[in-house]
Amino acid sequence: MRKIIYIVISALTLASCVSMKTGGQYDGALYRLVVEPLYPDGFPESEKAGVAVTATDRNLGNQYSQKTGADGTAAMELPAGSYRVAYSHISDGVSYNGSIDKVILDGVKSVKLQVKDSRSGKIVFKEIYSGGCTKYPEQGNYMSDSYVILHNNTSDTQYLDGLCLGTLDPYNSISTNVWTSVDPETGETIYPDFVPIVQAIWQIGGDGTTFPLAPGKDAVVVIYGAIDHASKYPNSVNLNNADYFVCYNTTYFPNPSYHPAPGNNIRQDHILDVVIKTGTSNAYVFSNNSPAPVIFRAPEGTTMWDFVADAGNIIQKPGSTNDRIVKLPADWVLDGVEVFVKGGANKKRLAPGIDAGAVDFSGSYQGHTLFRKTDEEASHALGYEVLVDTNNSTNDFYEREKQSLHE
């Protein structure tokens, strides 16, 4: 699906202007962080300058940036701390992304960075609503109304048949991640050669052409409760719609608080199949503050059912007696979004080949949602909605104050 290109950053003393963007005042020493990419063959010389390299304080959430100079390198002056460093650029439809999850800065420092090239996905996440809302006019909070929206970001009809939905372990970005490690010298996160899908795999049915999705059109997948939540809680949404798909299976997930019987408008063929359940919960676990959802499908010539039937593709989670995960090949993933707790001690789960960044979420029970930006210029030129897709959710998404399905 995507070819990985490694970019090496070496030590360099750079006399360039420093542009520092911070969330507040700071008094104290500043230290130089130096970034020098080695660009892959074919990278346009004219585009090496002017690319923003960002450093985000992993504890405070403050973000700093510096554009690369004429030689393609960048340096910035930062307070001491632990940083996530990222590079992102688009050239001729190709995205170049890379990130270092943990750079400890307490003096002049140079780091090494892995950067990959990738092309935009055909079907992408448009919206992720998992944070819930208040129970107004009652007291308390409500989180049984989650959904995601998928979008056809191409000029061709795409088919949802066989498309799968899952989420990564760990469920939350601030939890211990047993699947990655950090290079002590570079701060670079080392990822496994698979994507650890936890709890279950959901799959849309069809015969291959049953569920077409036209260019620029959306498909709603209900995670919790394909009912009219808004009839009782006005801050919520109505998910009882004949066009919506729904995750619903009482054999594996019988908890009616999260998985009530679908509403009268839901079509039977829009209820997703559970390909496999690997967890023990009676409700599908989907983080309300920092999920890492992915969509994927088995390549031609195989099926997801055949894949999970191979015992070697299902493994026990280290340190757990109950949890198992599916070792999903990374190149089966069509799109994924890394969600972070804003200001939390977050840890990346998705490798840069899937999502080089992360979108911050400020908190649950506000009715807020995470929404992908629109490429206004491309949408105007092509005549249908085109979403921004750089494979870097830091650039692609923003937090929206109301769910798009809220009436």
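Author: Let's start with a yardstick: a residue is buried under 20% relative accessible area, exposed over 50%, and partly exposed in between, with a 1.4 Å probe and protein chains only. The model is predicted, so local features need pLDDT of at least 70 and side-chain atom pairs pLDDT 80 or more, while totals for chains, interfaces and linings use all residues. Residues are numbered from 1 along each chain as its sequence is written, and side-chain values use heavy atoms, leaving out hydrogens and water.

Reader: Why is aspartate 218 called partly exposed?

Author: Its relative accessible area is 35%. That value falls between the limits of 20% and 50%, so partly exposed is the right label.

Reader: And what makes lysine 126 buried?

Author: Lysine 126 has 8% relative accessibility, which is under 20%, so it counts as buried.

Reader: How do you know that lysine 126 and aspartate 218 form a salt bridge?

Author: A salt bridge needs a side-chain nitrogen of Lys or Arg within 4 Å of a carboxyl oxygen of Asp or Glu. Here the N to O distance is 2.8 Å, so the pair qualifies. In general, side chains of opposite charge can pair when their charged atoms come close.

Reader: Where in the chain do the two partners, lysine 126 and aspartate 218, sit?

Author: Lysine 126 is in strand β9 (residues 123-129) and aspartate 218 in strand β19 (residues 218-222), 92 residues apart. Helices (H or I, at least four residues) and strands (E, at least two) are DSSP runs, numbered from the N terminus. By that rule the protein chain has three helices and 29 strands.

Reader: How many salt bridges are there by this rule?

Author: The count is 10. One of them joins arginine 32 and glutamate 77, with N and O 2.7 Å apart. Arginine 32 belongs to strand β1 (residues 30-35) and glutamate 77 to strand β4 (residues 74-79), 45 residues apart. Both of these residues, arginine 32 and glutamate 77, are buried.

Reader: What makes glutamate 338 and arginine 349 a salt bridge?

Author: The closest N and O atoms are 2.8 Å apart, and that is within 4 Å, so the rule is met. Glutamate 338 lies in the loop between β25 (333-336) and β26 (339-341), and arginine 349 in the loop between β26 and β27 (359-361), so the pair ties together parts 11 residues apart in sequence. Glutamate 338 and arginine 349 are both buried.

Reader: Which residues are linked in a network of salt bridges?

Author: That network links Asp335, Arg372, Asp389 and Asp396.

Reader: How do you know that β19 and β20 pair?

Author: Two strands pair if DSSP finds at least two bridges between them. Two bridges join β19 to β20, so the requirement is met, and the strands run parallel. Valine 222 stands opposite valine 246 in β20.

Reader: Which sheet includes these strands, β19 and β20?

Author: They belong to an open sheet of six strands in the order β20-β19-β12-β9-β28-β29, with mixed pairing. Its edge strands, β20 (245-246) and β29 (397-400), each pair on one side only.

Reader: Why is strand β6 described as largely enclosed by the rest of the structure?

Author: Of the 12 residues in β6 (residues 94-105), 10 are buried, so the rest of the structure largely encloses this strand. Strand β5 (residues 81-91) runs antiparallel to β6, with 10 bridges joining them. Isoleucine 90 has serine 95 in β6 as its bridge partner.

Reader: What makes glutamine 199 worth pointing out?

Author: Most residues other than glycine have a negative phi, and most peptide bonds are trans. Glutamine 199 has a positive phi of about 75 degrees although it is not a glycine. This residue, glutamine 199, lies in strand β17 (residues 194-203). At 1% relative accessibility, under the 20% limit, glutamine 199 is therefore buried.

Reader: Which peptide bonds are cis?

Author: The cis bonds include the one from tyrosine 136 to proline 137, with omega near 10 degrees, and the one from aspartate 169 to proline 170, with omega near 0 degrees. Proline 137 is in the loop between β10 (133-134) and β11 (141-142), and proline 170 in the loop between β14 (164-168) and β15 (181-182).

Reader: How much of the chain is buried?

Author: Buried residues make up 54% of the 407 residues in the protein chain.
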